[in-house]
Amino acid sequence: MTTQPESDASFFDGLTNRRRAVRVRLGASLEILEKDQLIADWPLDAIRLVDLKPDAMRLRATHGQELARLAISDEAMMAALTGSCVNLLVEDHTRKASTARIVLWSFAAAASLLAVIFYGVPLAADRLAPLVPASLDRRVGEMVDSQVKTIFGDKLCTRADGRAAFGKLVRALERAGNLDISPAAEVLDSRTPNAIALPGGRVYLFAGLLDEAQSPDEVAGVLAHELGHVAHRDGMRMLIESGGSSFLFGLLFGDVTGSTAAIFAARTVLNARYTRGAESQADGFAIATMHALGRPSQPMGEMLFRITGNQRGRGPGLLASHPYSEDRLARMKAADGGQSGPPILDAAEWQALRNICKPEG
Ligand SMILES: [Zn+2]
């Protein structure tokens, strides 16, 4: 007999506002216990996702007290529930799935199904990600993007001279890295030092990273690392890997609606870690891109080491790969080719970039 996953959770009974500390046990159903007393027992196929934050999910059940909610922040339990609750992403008032969505998803879903059957999902992800049409990447990226803005705020930094400098930096990296997906990069007005790449080529540099940066080469290298994830389509790969067969079947048969698929995609992209292999490839891309520009690769390693090493909490993007290990820094140092090319930004442009979130004037 295998042990049943258990974790702490918060329960709201739907009758009062009180948050009740409970224990949940996942077996043939989801048992909710308060001081060892069973207070609710949810059939797995009745469990639905209400919403999610970067590190918590809220659930409800279609049986029993309609307004009851369960909040779970235990990572292993969230993963176990995502795998066990076949209807997690189903909306009950299912609208007819739009034709456009079915067309968008069908290619990936049909191919995924075959791959699930023949190879198992992890291998499928590697085989599939390069085959998924760019339009699907963009669509998923848009869905994740709306969730990112809900979580981190949607204020972008747009001071004109800063944007010009940022655009110059991104274009230089795009050319040097030979990207075949044109990235849409923006600076997000958030004080956390972070950067994240979403499927479809959307890249956010969090303004906190500019506060921490000591040179344009540090910022360029970190951005190049994120562009490496874009070039390798790591977001889509992770989504296919994490989706599991129920998600893929849902996509194929159209009972996963746009909004729930968006929540799933966001949860995956914002919570999951890229594999060591994916991180190493993104580092390799960043090193090659900096070389092509005649710029050093060591500064990016130092910056990544500095910010992920200091980070106590967890987070998406860069922070998910915390801590940036000694061996990765050593690789950046060993590969450093010095400064054979001109600075990517001059002193005035660098200043403008650092002030990109300040008001105009
Ligand atoms: Zn990374």
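1. Two strands count as paired if DSSP finds at least two bridges between them. In this predicted model, strand β1 (residues 6–12) and β7 run antiparallel and are joined by three bridges. Within that pairing, Ser-10 lies opposite Ala-71 of β7.

2. Strand β7 also pairs with strand β6 (residues 56–61), in the antiparallel sense and again over three bridges. Here Arg-58 is the residue that stands opposite Ala-71 in β7. The side chains of strand β7 (residues 69–72) alternate along its length: Leu-70 and Ile-72 are buried and point to one face, whereas Arg-69 and Ala-71 point to the other and are not buried.

3. A further sheet is open and consists of three strands in the order β8-β10-β9, with mixed pairing. β8 (184–188) and β9 (195–197) are the edge strands; each has a single partner strand, so one side of each lacks a neighbour in the sheet. From one strand to the next, the twist averages 15°.

4. Within this sheet, β9 pairs with strand β10 (residues 202–206) through three bridges, in the antiparallel sense. Ala-197 is placed opposite Val-203 in β10. Helix α7 (residues 216–231) packs on the sheet and touches β9 and β10; the direction of α7 makes about 20° with that of β9.

5. The length of helix α5 (residues 160–176) can be checked against expectation. At 1.5 Å a residue, its 17 residues should span 24 Å, and the end C-alpha atoms are indeed 24 Å apart, so the two values agree. After α5 comes Asn-178, with a positive phi near 50°.

6. Which residues of α5 are buried? They are Gly-162, Ala-165, Phe-166, Leu-169, Val-170, Ala-172, Leu-173, Glu-174 and Ala-176. An α-helix has 3.6 residues a turn, so residues three or four places apart point the same way. The cover over the buried residues of α5 includes β8, α7, α10 (276–292) and α13 (347–354).

7. The packing of α5 against α13 merits separate description. Their axes are 7 Å apart and the helices pack at an angle of about 110°. Since angles of 65 to 115 degrees count as roughly perpendicular, α5 is roughly perpendicular to α13. The crossing of α5 past α13 is left-handed. On the α5 side, the contact is made by Asp-161, Gly-162, Ala-165, Phe-166 and Lys-168; on the α13 side, by Glu-349, Ala-352 and Leu-353. Of the contact residues in α5, Gly-162, Ala-165 and Phe-166 are also listed among the buried residues of that helix.

Definitions and conventions
Residues numbered from 1 in each chain as written. Predicted model: local features only at pLDDT ≥ 70, side-chain atom pairs only at ≥ 80, totals over all residues. Helix = DSSP H or I, 4+ residues; strand = E, 2+ residues; numbered from the N terminus. Axes fitted to C-alpha atoms, helices over the stretch in contact; angles between N-to-C directions. Contact = placed C-beta atoms within 7 Å. Expected span 1.5 Å × (residues − 1). Buried ≥ 20, exposed ≤ 12 C-beta atoms within 10 Å, placed from the backbone. Parallel < 35°, antiparallel > 145°, perpendicular 65-115°, else oblique. Left-handed = near helix turned anticlockwise from the far one by under 90°.
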